[in-house]
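This briefing covers one helix with its nonpolar core, and a set of paired strands. Please consult the sequence and the structure shown here alongside the points that follow.

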Amino acid sequence: MRLRRLAFVAAFILLAAGCGGSDAGNEAEQDESAAPTVAEEVDFPEGSTMADLNEAGELRVGTKYDQPGFGLLNPTTDTPEGFDVEIAYLIAAALGIPEDGVTFTESVSANREPFIQNDSVDIVVATYTINDTRKELVSFAGPYYVAGQDIMVAAGNPEGITGPDDLAGKTVCSVEGSTPAETIRTDYPEVNLVTTDVYSKCADQLKNGEVVAVTTDNVILTAFVATDPESFELVGNPFTEEPYGIGLALDDDDFRDFINDVLEDAYESGAWADAYAATVGDITGTEAPEPPPVDRYTS
């Protein structure tokens with residue numbers, strides 16, 4: 001499968017950390033390796049989403065553009081890179097679509113359901129937590145990763161924050177339309193929550209002292225800390241479970257089953273673990289966890 005070493009991201013981390021001569025620097029010089037094998041002989045039911053996409057030769061994907069490790073836009077190539085992007089390429093390859101047939105659209109938390117409902121994209125792979133409320137609007141394949149909500153603070157943790165209960169009366173940033181923001185509103189109403197459209201703006205607010213913390217999924221925050229350890233620190237006490245799924249049109253059960261099959265094949269072949277290692281693992285220094293079992297729920 002494709003194992004991009006994410007030269008852009010590695011170089012970005014190297015600059016952000018202000019260091020030199022590291023493994024990240026060496027990896028930044030590596031070339032990309034082979035792309036996932038594109039299925040050549042496919043036989044999809046006539047009229048299915050899979051058949052239509054294969055015939056069109058294009059897969060439209062909504063993903064994040066500001067999250068190191070999962071979806072970060074490379075300004076040189078104008079293409080996002082990360083674990084979510086690799087998952088999208090695996091799905092495309094199974095559809096018989098090569099990488100140059102995959103088109104990406106930036107999808108922030110608040111526009112994921114509208115993009116699917118309005119047929120602006122075919123799938124959304126964007127650190128997209130599966131929950132019952134969203135299942136009423138879109139379908140989900142997966143999960144393909146399980147995160148947990150955590151808290152990022154200024155380096156040195158000057159406020160002594162250890163968990164969400166310590167955020168009462170404090171100004172905290174998250175992203176509108178995200179499950180972490182809703183968790184704070186619902187379960188911790190004494191927090192002064194401010195929201196933006198992307199997490200990079202929250203990180204800027206924390207660095208500038210406008211907020212005392214940023215809260216979202218731990219793996220997202222870990223990547224931000226890795227890019228700027230002199231500014232940020234992770235509390236490291238997850239307090240929710242966030243199963244990431246692949247969003248698609250509501251009640252398209254055949255397409256959902258197909259994507260679930262692709263995920264399970266990637267688990268078994270090691271392609272999923274390789275994609276993690278080359279993206280999130282490369283940034284955070286973590287090994288790939290056991291992949292979560294897919295949930296073949298019925299509507």
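Two strands count as paired if DSSP finds at least two bridges between them. The model discussed here is predicted. Within it, strands E2 and E3 form a hairpin, E3 also pairs with E4, and helix H4 contributes 8 residues to the largest nonpolar core.

**Strand pairing**

- Strand E2 (residues 66–67) and strand E3 (residues 71–74) run antiparallel and are joined by 2 bridges.
- Gln-67 has Gly-71 of E3 as its bridge partner.
- The hairpin of E2 and E3 has 3 residues between the strands, and Gly-69 in the turn adopts a positive phi of about 95°.
- Strand E4 (residues 79–81) pairs with E3 over 3 bridges, again in the antiparallel sense.
- Pro-80 in E4 is the bridge partner of Leu-73.
- In the hairpin of E3 and E4, 4 residues lie between the strands, and Asp-78 has a positive phi near 60°.

**Nonpolar core**

- The largest nonpolar core holds 57 residues; Phe-83, Ile-87, Ile-123, Tyr-144, Tyr-145 and Ile-246 touch the most other members.
- Helix H4 (residues 83–94) gives the most to this core, with 8 residues.

**Helix H4**

- Of the 12 residues in H4, 11 are buried, including Asp-84 and Glu-86 as well as Phe-83 and Ile-87.
- The end C-alpha atoms of H4 are 17 Å apart, which agrees with the 16 Å that its 12 residues should span at 1.5 Å a residue.
- Gly-96, just after H4, takes a positive phi of about 85°.

Methods
Residues numbered from 1 in each chain as written. Predicted model: local features only at pLDDT ≥ 70, side-chain atom pairs only at ≥ 80, totals over all residues. Heavy atoms only, no water. Core = buried A, V, L, I, M, F, W, Y, C linked by side-chain atoms within 4.5 Å. Buried < 20%, exposed > 50% of the residue type's maximum accessible area, 1.4 Å probe, protein only. Expected span 1.5 Å × (residues − 1).
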